[in-house]
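Colleague: I would like to learn how to read a model like this one. Could you take me through it, feature by feature?

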Amino acid sequence: MGEVVKLHFSSYNKNENLVYEHKVYEEKLIKIRDEIEDYLCQVSINVGDELAVALAAGRYATMKLAQLTGETETKKFVNDCIKTTLNN
């Protein structure tokens with residue numbers, strides 16, 4: 001699960017400032033992703049039910065992403081996650 005979150009920042013131009021901001025944001029996303037994954041793994045161990053934790057996390061994630069980015073982008077993101085898992 002170590003892949004970098006892939007997002008398309010279509011609103012970003014080639015402006016150096018925006019490229020820097022994109023890099024900083026990407027680093028922030030990676031840090032948050034890693035911390036959340038570690039937390040969810042620990043909860044899975046503590047409750048002894050990986051499926052329940054995955055369902056709860058997946059439900060929250062897909063519902064929130066659909067609100068924030070729309071259905072199409074959410075489905076693309078989820079499909080990319082599935083492909084990443086199957087390729088590892």
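Modeller: Gladly! Helices here are DSSP runs of H or I with at least four residues, and strands are runs of E with at least two. Keep in mind that this is a predicted model.

Colleague: How many helices and strands are there in the protein chain?

Modeller: The protein chain has 3 helices and 0 strands. Read from the N terminus, the order is α-α-α.

Colleague: What share of the residues is buried?

Modeller: A residue counts as buried under 20% relative accessible area. Of the 88 residues in the protein chain, 6% are buried. The chain exposes about 7500 Å², with 58% of that supplied by carbon and sulfur atoms.

Colleague: Let's turn to a single helix. What length does α2 reach, and what is expected?

Modeller: One compares the span with 1.5 Å a residue. Helix α2, residues 50-69, has 20 residues and reaches 27 Å from first to last C-alpha, close to the expected 28 Å. After α2 comes G70, with a positive phi near 95°.

Colleague: And how do α2 and α3 pack?

Modeller: The axes of α2 and α3 (residues 71-86) lie 7 Å apart, at an angle of about 135°. Roughly antiparallel would need an angle over 145 degrees, so α2 is oblique to α3. The crossing of α2 past α3 is right-handed.

Colleague: Which residues meet there?

Modeller: From α2, T62, L65, A66 and T69 take part; they meet E71, E73, T74, F77 and V78 of α3.

Technical notes: Residues are numbered from 1 along each chain as its sequence is written. This is a predicted model: local features need pLDDT of at least 70, side-chain atom pairs count only at pLDDT 80 or more; totals for chains, interfaces and linings use all residues. Side-chain values use heavy atoms; hydrogens and water are left out. Buried means under 20% relative accessible area, exposed over 50%, partly exposed in between (1.4 Å probe, protein chains only). Accessible areas come from the Shrake-Rupley method with a 1.4 Å probe; for residues, only the protein chains shown count as cover. The expected span of a helix is 1.5 Å times one less than its number of residues. Axes are lines fitted to C-alpha atoms, for helices over the stretch in contact, and angles run from 0 to 180 degrees between N-to-C directions. Angles under 35 degrees count as roughly parallel, over 145 as roughly antiparallel, 65 to 115 as roughly perpendicular and the rest as oblique. A crossing is left-handed if the near helix is turned anticlockwise from the far one by less than a right angle, and right-handed if clockwise. Contact means heavy atoms within 4.5 Å.
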